[in-house]
Amino acid sequence: MSSFVRVPSMTPLAPVHVTERQRAVACMAASVLLDYPSADQLERLRTVGAAVAGLPDPVRERLEGFVAHALAQDPQVLARHYVDTFDLRRKCSMYLSYFLTGDTRRRGTALVRFVEAYRAAGWEVGREELPDFLPVVLEFTAVADTELGTALLAAHREGVEVLRSALTSMGSPYAAVVEAVCLVLPRASADVEDRLLRLITAGPPTEMVGLSALGPLEPFAPGGGADKEVRV
């Protein structure tokens with residue numbers, strides 16, 4: 001009997017051609033769908049379904065498929081699956097810098113870089129969430145600065161792909177939403193793909209340190225005005 005088993009590999013998704021507007025719509029839809037399924041979020045599902053109608057088929061089908069799945073679920077079942085998936089599994093972390101730094105001393109620096117990128121575009125995080133939370137980064141890409149947000153996502157492509165791999169391997173319907181994000185991002189470089197393979201195998205670093213020195217992010221009206229409330 002063999003002592004080895006083949007590790008399933010993830011086929012890279014070829015990016016589809018999208019306009020800047022289409023990328024923004026896809027990112028905003030994914031931001032909503034990847035957030036915690038609260039009552040308010042669930043009320044926005046049908047709005048998301050209508051908003052993605054004009055996206056390229058590979059992107060639209062994945063997002064519409066998840067919307068249909070979520071609407072058919074008992075809300076408590078969907079919420080429990082969300083917690084079991086994203087809160088209890090290291091490789092399903094929604095915090096992008098975690099995949100490269102783990103809970104090490106470098107994490108604080110990585111988080112500050114997200115904050116600085118948002119402030120460079122005139123925005124700050126207006127919710128009690130860390131700045132590298134994937135739905136936050138996607139929302140920033142959609143409504144604040146598509147070019148800068150896309151660059152942030154591309155810089156953390158390894159984390160997005162590790163998340164996709166983990167969700168796919170466990171058969172989670174959330175995998176389709178992350179696939180939609182991957183489809184609208186530029187193709188990863190060879191160096192990124194090499195680092196990705198190492199991350200999928202080893203997972204994030206595990207040195208444990210406190211992050212309290214970063215301090216809470218102060219909520220404010222994005223761009224300096226309450227008229228920029230985000231909607232799908």
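**Entry 1: a loop residue**

I began with Ser38, which I found in the loop between helix 1 and helix 2 (39-43). I kept in mind from the start that I was reading a predicted model. Is Ser38 buried, exposed or partly exposed? I noted a relative accessibility of 29%, and with that value Ser38 counts as partly exposed. I then looked up its separation from Leu78: the two residues are 40 apart in sequence, while their C-alpha atoms are 9.6 Å apart in space.

**Entry 2: the chain as a whole**

Next I stepped back to the secondary structure, where I counted twelve helices and zero strands. Reading from the N terminus on, I wrote the order of elements down as α-α-α-α-α-α-α-α-α-α-α-α. The chain has 232 residues, and I recorded that 45% of them count as buried. For the accessible surface I noted a total of about 12100 Å², with 53% of that area belonging to carbon and sulfur atoms. I also looked at contacts with a separation of 6 or more, and found that residues 24 or more positions apart account for 72% of them.

**Entry 3: the core and a covered helix**

I turned to the largest nonpolar core, which has 58 residues, and I marked Leu63 and Leu163 as the ones with the most contacts inside it. Which helix gives the most to this core? I found that helix 1 (residues 20-33) does, with nine residues.

I then followed Leu163 and left aside its neighbours within four places in sequence; among the residues in contact with Leu163 I listed Phe86, Met94, Phe99, Leu134 and Val178. Leu134 led me on to helix 8 (residues 134-143), which I described as mostly covered, since eight of its ten residues are buried. The buried residues of helix 8 include Leu134 itself, together with Pro135, Val136, Phe140 and Ala142.

**Entry 4: salt bridges**

My last search was for charged pairs. Side chains of opposite charge can pair when their charged atoms come close. How many salt bridges are there? I recorded a count of seven, and I looked at some of them in turn.

Arg60 forms a salt bridge with Asp57, and I noted 3.0 Å between the closest N and O atoms. I checked where the two partners sit: they are three residues apart in helix 4 (residues 57-72), and so they are separated by about one helical turn. An α-helix has 3.6 residues a turn, so residues three or four places apart point the same way. Arg60 is buried, with a relative accessible area of 18%, whereas Asp57 is partly exposed at 44%.

The next pair I looked up was Glu179 and Arg62, which form a salt bridge with the closest N and O atoms 2.7 Å apart. Because Glu179 lies in helix 11 (residues 174-183) and Arg62 in helix 4, I wrote that this pair ties together parts that are 117 residues apart in sequence. Glu179 is buried, with a relative accessible area of 17%, while Arg62 is partly exposed, with 24%.

I also found a salt bridge between Arg119 and Glu124, whose closest N and O atoms are 2.8 Å apart. Glu124 counts as partly exposed, at 26% relative accessibility. Finally, I noted that salt bridges sharing partners join Asp57, Arg60, Glu61 and Glu64 into one network.

Technical notes: Residues numbered from 1 in each chain as written. Predicted model: local features only at pLDDT ≥ 70, side-chain atom pairs only at ≥ 80, totals over all residues. Heavy atoms only, no water. Salt bridge = Lys/Arg side-chain N within 4 Å of Asp/Glu carboxyl O. Helix = DSSP H or I, 4+ residues; strand = E, 2+ residues; numbered from the N terminus. Buried < 20%, exposed > 50% of the residue type's maximum accessible area, 1.4 Å probe, protein only. Core = buried A, V, L, I, M, F, W, Y, C linked by side-chain atoms within 4.5 Å. Contact = heavy atoms within 4.5 Å. Areas by Shrake-Rupley, 256 points an atom, 1.4 Å probe, with all protein chains shown as cover.
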